[in-house]
Amino acid sequence: MDKLSCRRATFTDALHLSLLADFSFRATFINDFKDRRDLDDYCAKTFAYDKIKGGLAKPNNYFLLAEFDGEIVGYTKLKLEERPIQLQKIYLHPAFLGRGIGKALLERSKDIVREAGANKLWLAVEEQNQNAIAFYQRTGWTTTGEFDFQIGSQVFHFFRMELVL
């Protein structure tokens, strides 16, 4: 994996992040939405270029990019002001799944959490996202709670998972 590198995102990465997040989210969840408009509305709001750029401007947000052969193929978003720190997003282009890139992003994210003086991470994962749940379990995360979240007209069930560093 000598072609992989990780770095902190900058404002000039906002468009790539917006497109990658939208594409990855749709690829993962398109079949879980009963109403396609709910998916379209959610993606338009959540992954809008201006929203991503605004998120990059917040000092307590840390966007970590994974680049493969110089192309952005994945990223994590950490919310550093929270304790435990939230791993709010981890997205990887579907063409790059299974190559160890997600694990590399997670390992580097753990380093950032430690550098921030914290020793625990948490995340939310949708219960139907079995590939992600299996990945988190393989890398040491445990389920600590559950909650529902409404997107448009549909309610999704999430697991809260934590990782002690």
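A search of the whole structure, which is a predicted model, finds 13 salt bridges. One of these joins the side chains of glutamate 67 and arginine 7, with N and O 3.1 Å apart. The two residues are 60 positions apart in the chain: glutamate 67 belongs to strand β2 and arginine 7 to strand β1 (residues 4–8), so the pair links distant parts of the chain. Glutamate 67 counts as buried, because its relative accessibility is 14% and the limit for buried is under 20%. Arginine 7, at 29%, counts as partly exposed.

A salt bridge is also formed by lysine 120 and glutamate 162, whose closest N and O atoms are 3.5 Å apart. This pair, too, links distant parts of the chain, with lysine 120 in strand β5, glutamate 162 in strand β7, and their positions 42 residues apart. Lysine 120 is partly exposed at 28% relative accessibility, whereas glutamate 162 is buried, with a relative accessible area of 16%.

Between helices, aspartate 40 forms a salt bridge with arginine 26, and here the closest N and O atoms are 2.7 Å apart. Aspartate 40 lies in helix α2 (residues 36–46) and arginine 26 in helix α1, so the bridge ties together parts that are 14 residues apart in sequence. Aspartate 40 is partly exposed, with a relative accessible area of 28%. Both residues belong to a network in which salt bridges with shared partners join Asp22, Arg26, Arg36 and Asp40.

Helix α1 spans residues 14–29, and two of its residues can be set side by side. Serine 18 is in helix α1 and is buried, its relative accessible area being 8%. The side chain of serine 18 reaches the backbone oxygen of phenylalanine 47 at 2.4 Å. Not counting residues up to four places away in sequence, serine 18 touches Phe47, Ala48, Tyr49 and Ile52. Leucine 19 is also found in helix α1, but leucine 19 counts as exposed because its relative accessibility is 54%, and exposed means over 50%. Together with Leu15 and Tyr49, Leu19 makes a nonpolar surface patch of about 290 Å². Tyr49 thus appears both in this patch and among the contacts of serine 18.

From the surface the description turns to the interior. In soluble globular proteins, nonpolar side chains tend to be buried together. In this model the largest nonpolar core has 29 residues, and those with the most contacts inside it are Leu78, Ile101, Leu121, Val125, Tyr136 and Trp141. At least two residues of this core come from each of β2 (61–68), β3 (71–79), β4 (85–92), α4 (101–115), β5 (120–126), α5 (130–138) and β7 (154–164). Helix α4 gives the most, with 5 residues.

Leucine 78 shows some of the surroundings of a core residue. Leaving aside neighbours within four places in sequence, leucine 78 is in contact with Asn60, Asn61, Tyr62, Ile85, Gln86, Leu87, Ser109, Ile112, Val113 and Leu121. One of these, Leu121, is itself listed among the core residues with the most contacts.

Apart from the largest core lies another, of 22 residues, among them Ala21, Phe47, Tyr75 and Phe156. Phe47 is also the residue whose backbone oxygen is reached by the side chain of serine 18.

Methods. Residues numbered from 1 in each chain as written. Predicted model: local features only at pLDDT ≥ 70, side-chain atom pairs only at ≥ 80, totals over all residues. Heavy atoms only, no water. Patch = residues over 30% accessible without salt bridge, like charges linked within 9 Å, V, L, I, M, F, W, Y side chains within 5 Å. Areas by Shrake-Rupley, 256 points an atom, 1.4 Å probe, with all protein chains shown as cover. Salt bridge = Lys/Arg side-chain N within 4 Å of Asp/Glu carboxyl O. Helix = DSSP H or I, 4+ residues; strand = E, 2+ residues; numbered from the N terminus. Buried < 20%, exposed > 50% of the residue type's maximum accessible area, 1.4 Å probe, protein only. Core = buried A, V, L, I, M, F, W, Y, C linked by side-chain atoms within 4.5 Å. Contact = heavy atoms within 4.5 Å. Polar contact = N/O pair within 3.5 Å; in protein donor to acceptor, adjacent residues only side chain to side chain.
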